[in-house]
Amino acid sequence: MLISHFPGSLSITLSPSVPFELPPWISAWLPLLVFGALVIGYLIYYLLFEVEKPSVWYSPTAINTRCVHEMPILNRRSYWPTFWLPSGHMHTARLVHHKNAPHIRYVRQELQMADGGCTALDWNSFKLNFVFRATDAEGMHDEPDTVKAVDDFVVEAQKGTEEDPTLVVLHGLTGGSHESYIRTLLHDAQQKGFRAVVINARGCGGTPLKTQQFFCAAWTEDVRHAVRLIHRLLPKSPLIGVGFSMGSNVLVKYLGEEGAATPLKAAISIGNPWDLWEASQQLRRPLYKHVYNKALARSLVALLKLHSHVLKDNNSVNLHRVYRSQTVYDFDERFTSVIFGYRTVKHYYSDASAWAYLANVRVPILCCNSFDDPVCSSKSIPFPDARVNDKVILVTTRRGGHLGWFQGLGATTQWVNDLACEYVEAMLHLIHQYQDPALPVSKLEDKSED
């Protein structure tokens, strides 16, 4: 386009447009330049919004302050989530497909309950010599993927002491000791010298279902029996409870019921749903319903079908209707609430939800939740109780998903395991220093002045 300007007139002449062409060297490098700009942009976003120092909530008592101070992961290091997992959904998906978790060799002990049912304790063979000797092996057998007899394990296991700490681990919904998040924790704990045992719920992890009594988020009797037995076997070992997802809900409920009477010296709650009704409402959202809710319902139905021969004579439930459950709510309405004698599913959720029991927990407990957990609603995280109950330390992160918290380039390790191990080490130091971490704050402050 040409513009001519003369006094008293303006002339505009249109000319054929000349196509704009980039220099050849720019055209050749353009895809790489665009890719590089995107990478730099994402790295800036990652450093500004993904890398974070976890938020910590607690009542500033002497023991809480000292515990947090002795955990570098909470006050001197940041959480660097795996950069190619930029959402909670991706962390959760990574957990589901985490096939390269460390292999743990277990020795199983079946526990018979008063009603004829049973649960199973899967002991990590590490430092097992003080748990069982050759004459104590009754009721134990190797898991299918192990090749040595119990006696061989006891002889070959690294020698432990009676005072070595023992982690008592509770798995998530329909899980067991085989789960990747369990095995990665036990592997990391073993590196720290911790003994560990996993409580497999009735019907879970290859445990036979011998009665029509199933498991649920409100049922704590089996955990109570198992903890007492473990304490009887290891009276000098500090027992630390660790719960994942539904297992953490059961753990907190048990601790709230037991109060100071529990043999556990401390506990760790990871990915706790806290409020089961709120969690069920989150799982009803469109994306969540078709991805997570259906997957969880399928796992419940599959587990139930595995034990259908035990439940087929139960006239209180319609198993064919239960098998058609599309959501966890459906399953709990048609099966769980009926089997356990609740009036409604909402009554079951109200009785089972861990948030109502946290205020009564009387041993130190670390609780960890992620705000982007697609299974557990962040609305249920019990911030008020963390301020009121001086036994609680609550840790939250923006990223982590449901039981994910992956870190490193290959997403093979989990930050939450580092958190758990550091907490155990801090609590052990306090136990050894003060003999009992539940000492009144005044006594702790008196000792600190000596």
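A residue is called buried here when its relative accessible area is under 20%. The model on display is predicted, and this tour moves through it by selection.

**First stop: Arg399 and its partners**

Select Arg399 together with Asp372; both are buried. The two form a salt bridge in which the closest N and O atoms are 2.8 Å apart. Because Arg399 lies in the loop between β12 and β13 and Asp372 in the loop between β11 (365-370) and α15 (383-388), the pair ties together parts that are 27 residues apart in sequence.

Keep Arg399 displayed and add Glu50. Their side chains meet in a salt bridge of 2.6 Å, N to O. This pair links distant parts of the chain, with Glu50 in helix α1 (residues 24-50) and Arg399 in the loop between β12 (392-397) and β13 (406-407), 349 residues apart. Glu50 and Arg399 are both buried.

**Second stop: other salt bridges**

How many salt bridges does a search of the whole structure find? The count is 14. As background, side chains of opposite charge can pair when their charged atoms come close.

Select Asp222 and Arg202, whose side chains meet in a salt bridge of 2.7 Å, N to O. Asp222 belongs to helix α7 (residues 221-233), whereas Arg202 sits in the loop between β8 and α7, and the two are 20 residues apart. Asp222 and Arg202 are each buried.

Next, select Glu221, Arg224, Lys253, Glu257 and Glu258, which are linked in a network of salt bridges.

**Third stop: helix α8**

Lys253 leads to the next selection, residues 246-258, which make up helix α8. This helix has 13 residues and reaches 18 Å from its first C-alpha to its last, close to the 18 Å expected at 1.5 Å a residue. Is α8 mostly covered or mostly uncovered? It is mostly covered, with 12 of its 13 residues buried. Among them are Met246, Asn249, Lys253, Tyr254 and Glu258. Just after α8, select Gly259, which takes a positive phi of about 65 degrees.

**Fourth stop: strand β5 and its neighbours**

Select residues 118-124, strand β5. Here 7 of the 7 residues are buried, so the strand is largely enclosed by the rest of the structure. In a regular strand the side chains alternate between the two faces of the sheet. From β5, Cys118, Ala120, Asp122 and Asn124 point one way, while Thr119, Leu121 and Trp123 point the other way.

Add strand β4 (residues 106-112), which pairs with β5 in the antiparallel sense over 7 bridges. To inspect one bridge, select Arg108 and its partner in β5, Asp122. The two strands form a hairpin with 5 residues between them, and Gly116 in the turn has a positive phi of about 95 degrees.

Now add strand β8 (residues 195-200), which runs antiparallel to β5 and is joined to it by 4 bridges. In β8, Asn200 is the bridge partner of Ala120.

**Last stop: helix α10**

Finally, select residues 286-306, helix α10. Its 21 residues reach 29 Å from the first C-alpha to the last, close to the 30 Å expected at 1.5 Å a residue. Where does α10 bend? Centre the view on Asn293, at which the helix bends by about 30 degrees. Asn293 is one of the buried residues of α10, which also include Tyr288, Tyr292, Ala297 and Leu300. To see what covers these buried residues, display elements including α4 (88-96), α9 (276-282), α11 (308-311), α12 (319-323) and α13 (328-339).

Notes:
Residues numbered from 1 in each chain as written. Predicted model: local features only at pLDDT ≥ 70, side-chain atom pairs only at ≥ 80, totals over all residues. Heavy atoms only, no water. Expected span 1.5 Å × (residues − 1). Bend = angle between axes of the 7 residues up to and from the residue. Buried < 20%, exposed > 50% of the residue type's maximum accessible area, 1.4 Å probe, protein only. Contact = heavy atoms within 4.5 Å. Pairing = 2+ DSSP bridges. Salt bridge = Lys/Arg side-chain N within 4 Å of Asp/Glu carboxyl O.
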